[in-house]
Amino acid sequence: MLRGSRLCKIRSRTWHKERLYRLQEDGLSVWFQRRIPRAPSQHIFFVQHIEAVREGHQSEGLRRFGDAFPPARCLTIAFKGRRKNLDLAAATPEEAQRWVRGLGKLRARLDAMSQRERLDHWIHSYLHRADSNQDSKMSFKEIKSLLRMVNVDMNDMYAYRLFKECDHSNNERLEGAEIEEFLRRLLKRPELEEIFHRYSGEDRVLSAPELLEFLEDQGEDGATLARAQQLIHTYELNETAKQHELMTLDGFMMYLLSPEGAALDPAHTCVFQDMDQPLSHYFISSSHNTYLTDSQIGGPSSTEAYVRAFAQGCRCVELDCWEGPGGEPVIYHGHTLTSKILFRDVVQAVRDHAFTLSPYPVILSLENHCGLEQQAVMARHLRAILGDVLVTQALDSQNPEELPSPEQLKGRVLVKGKKLPAARSEDGRILSDQEEEDEEEEEAEATEQRRRLISQAKQISPELSALAVYCCATRLRTLRPNPVPPQPCQVSSLSERKAKKLIREAGNSFVRHNTRQLTRVYPLGLRMNSANYSPQEMWNSGCQLVALNFQTPGYEMDLNAGRFLINGQCGYILKPACLRQPDTTFDPECPGPPRTTLTIQVLTAQQLPKLNTEKPNSIVDPLVRVEIHGVPADCARKETNYVLNNGFNPRWGQTLQFQLRAPELVLVRFVVEDYDTTSPNDFVGQFTLPLNSLKQGYRHIHLLSKDGASLSPATLFVHIRIQRF
């Protein structure tokens, strides 16, 4: 891989181009050739941005266009975010295997790296690039280049003084140990040293009792002497110190940079919630127009979009089904120029990928525009391809209307669709309520022709109707108490506009409705560019299936990722008790007085990414904004001042405080931006998590990019205090 391989890139049946791919010396990036040379950053992809490496014809592209290449010679590199798959064919099966296994090992090694190792790797990769003549010696000019690369604009006099202090050979060159000393000084963390010395005292090492005192001040659960000793044995690098149960500054830094020193509670990263309650008691990660990879007007449809949604923890996907040629239903965004994919190919993708990340149930939300014959074809495909995975009858025959739990439905697929009522017309087929009527009315306000189409009621095939067991699509007509109690297996679909109206006007009645039944909310059809709405407002009222355009990055998807970050990223989050009790009095518009104070001291940041890598002198002026997303009365945002020309180790030391009325619903979003006086600030990185999963004390926040990829080693260092009263 370091020598490079000539691999054939496959884009279509006729577009096959041989390109050179070569692993870089850092082992963290791959250089590739392009037909037209671009900026250096456009010729590289990073191992940490890879979502999966698949062997054979395991992508939509290779299944359609890879016939000329044996599966044993093919591989697909799937990326996080919106970047397209890379479909490749090697000259031999052995070479394909080298890349599949090699990238797998590199990804595993990267996952196993500590933050300190990532930092060392990161700084040494820049060092290699700054050494312009590759003589393993650094002149002052090369050191200045290195500083600009790592996002710091250091005063020339100060930089030269630091350079000369390390130049023990006095030859205007740093080499070997001198370079290491320079990097050690550069990477110093004065704020960590200050905290360390506060607890370690004169001898400048932490004993186990001193470390225990620090853990108690942090508010750590289960802080005991045994726990302190365990941390020393895990994170201390110096063997002598470890034998004497002492922790040095290096060990202390290793601990605070580890997942155990992060803002996210490590205990919440696995499934820790009760998974035995009815489905209506959970927020469920949901996607809208799942088949789209871009806008809903002319963008391509792809089965890969379903694979990506599942890789992001999505548990409810949408299938927009229309009549297709040759008796085969297709999926696309009707009445637009979006491309079409076969219904059966999507069901196959569900079978192959639905349970790779999470074992909990998947809901297929059918938007059905097919005639009776193709509906029967849809039902046949669902049964034939999914087999026993598909739920075709109630689990509990005694209580067929009661919603089962995620635990009971592990590894199963549910269909959300129309259900024929018991009373049928003479031919066994009946006109039904259209859940999509509401959706299409909003999308088609300007189109008279589509209004006429909608007004024509559609027939439902008994074969497809039979598959709607626990998710029977129904229009939500009223929230007033009905003579007949609502059926838990009925699901209402509402546009964001109608949901907001109910939240505003019905308040607590809507919350109570959502304790018993599932509600799906989807974006307005007028959002032509597949923009999103804020999901928080819908979660505040207990809506479970808050469907977003997963293909569109932005703060809305950051909130979705933050909400479902915990509980093993399984796509199911247990709602707070106030949203589960059938007689709850909770109203998100009137949450009561403040119950919690959140105080965040923003201390420093480390190794923020350079936004314009092609301009050496472009250095960020970072500021930090903390956003609170919750009930309307809790929503707030506060920010620090900006630090001029320093993305390497900016320091703020500013305190931001928030009063919270419904803390159990709060998401906290940390955002770093590059300040600009003349135009909107540029996004640098963010991290979002639930308040209830936020740990107190001194914590590192590991920043993510716009599309959710790690920006390692970029971190924020903060102190967090949560006072409940």
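Colleague: Let's start with Pro713; which strand is it found in?
Modeller: Keep in mind that this is a predicted model. The peptide bond from Ser712 to Pro713 is cis, with omega near 10 degrees. Most peptide bonds are trans. As for the place of Pro713, the residue belongs to strand E31.

Colleague: How many bridges join E31 to E24?
Modeller: E31 covers residues 710-724, and E24 and E31 run antiparallel. One of the pairs sets Thr599 of E24 against Arg721 of E31. The number of bridges between the two strands is ten.

Colleague: And in E27, what is the bridge partner of Thr599?
Modeller: E24 also pairs with strand E27, residues 651-660, in the antiparallel sense over eight bridges. Thr599 therefore has a bridge partner in E31, Arg721, and another in E27. In E27, that partner is Gln657.

Colleague: Is E24 largely enclosed or open, and how many of its residues are buried?
Modeller: E24 runs over residues 596-606, eleven residues in all. The strand is largely enclosed by the rest of the structure, because the number of its residues that are buried is ten.

Colleague: Now to strand E14; how many of its residues are buried?
Modeller: E14 spans residues 316-322. In a regular strand the side chains alternate between the two faces of the sheet. Here Cys316, Glu318, Asp320 and Trp322 point one way, while Val317, Leu319 and Cys321 point the other, and all are buried. E14 is thus largely enclosed by the rest of the structure, and the count of buried residues is seven of seven.

Colleague: Which residue of E17 is the bridge partner of Cys321?
Modeller: E14 and E17 run parallel and are joined by six bridges. E14 is also joined to strand E15, residues 330-331, by two bridges in the antiparallel sense, and there Cys321 is partnered by Ile331. On the E17 side, the partner of Cys321 is Asn368.

Colleague: Ser365 is in E17 too; which side chain does the side chain of Ser365 make a polar contact with?
Modeller: E17 runs over residues 362-368, and Ser365 sits within it. At 2% relative accessibility, Ser365 is buried, because the limit for that label is under 20%. Not counting residues up to four places away in sequence, Ser365 touches Cys316, Val317, Glu318, Leu319, Lys416 and Arg520. The polar contact, at 3.5 Å, is with the side chain of Lys416.

Colleague: What about Trp99: which side chain makes a polar contact with its side chain?
Modeller: Trp99 lies in helix H2, residues 93-112, and is buried with a relative accessible area of 3%. Leaving aside neighbours within four places in sequence, its contacts are Met1, Ser5, Leu7, Tyr21, Arg22, Leu23, Val30 and Leu75. The polar contact, at 2.8 Å, is with the side chain of Ser5.

Colleague: Is Glu407 buried or partly exposed, and with what relative accessible area?
Modeller: Glu407 is placed in the loop between helix H14 (372-386) and strand E18 (413-417). Its side chain makes a polar contact with that of Lys410 at 3.3 Å, and Glu407 also touches Met275, Asp276 and Tyr360, not counting residues up to four places away in sequence. Glu407 counts as partly exposed, with a relative accessible area of 32%.

Colleague: Which helix gives the most to the lining of the largest cavity?
Modeller: The structure holds four cavities of 30 Å³ or more, and the largest has about 110 Å³ of space. Its lining has 15 residues, with Leu119, Leu187, Arg189, Gln606 and Gln607 nearest its centre; by class, seven are nonpolar, five polar and three charged. H3 (115-130), H11 (249-257) and E31 each supply at least two of them. With three residues, the helix that gives the most is H3.

Colleague: One last thing: what is the phi of Asn645, roughly?
Modeller: Most residues other than glycine have a negative phi. Glu245, in the loop between H10 and E11, has a positive phi, near 55 degrees. Asn645, partly exposed at 26% relative accessible area, lies in the loop between E26 and E27. It is not a glycine, yet its phi is positive, at about 50 degrees.

Technical notes:
Residues are numbered from 1 along each chain as its sequence is written. This is a predicted model: local features need pLDDT of at least 70, side-chain atom pairs count only at pLDDT 80 or more; totals for chains, interfaces and linings use all residues. Side-chain values use heavy atoms; hydrogens and water are left out. Buried means under 20% relative accessible area, exposed over 50%, partly exposed in between (1.4 Å probe, protein chains only). Helices (H or I, at least four residues) and strands (E, at least two) are DSSP runs, numbered from the N terminus. Two strands pair if DSSP finds at least two bridges between them. Contact means heavy atoms within 4.5 Å. A polar contact is a pair of N or O atoms within 3.5 Å; within protein, one must be able to donate a hydrogen and the other to accept it, and residues adjacent in sequence count only if both atoms are side-chain atoms. On a 1 Å grid over the protein atoms alone, a cavity is a set of points where a 1.4 Å probe fits but cannot get out, and a pocket is an open set with protein on both sides within 12 Å along at least five of seven lines; lining residues have an atom within 4 Å of a point. Grid points are joined across faces, edges and corners, and a volume is the space filled by probe spheres set on the points. Ala, Val, Leu, Ile, Met, Phe, Trp, Tyr, Cys and Pro count as nonpolar, Asp, Glu, Lys and Arg as charged, and the others, Gly among them, as polar.
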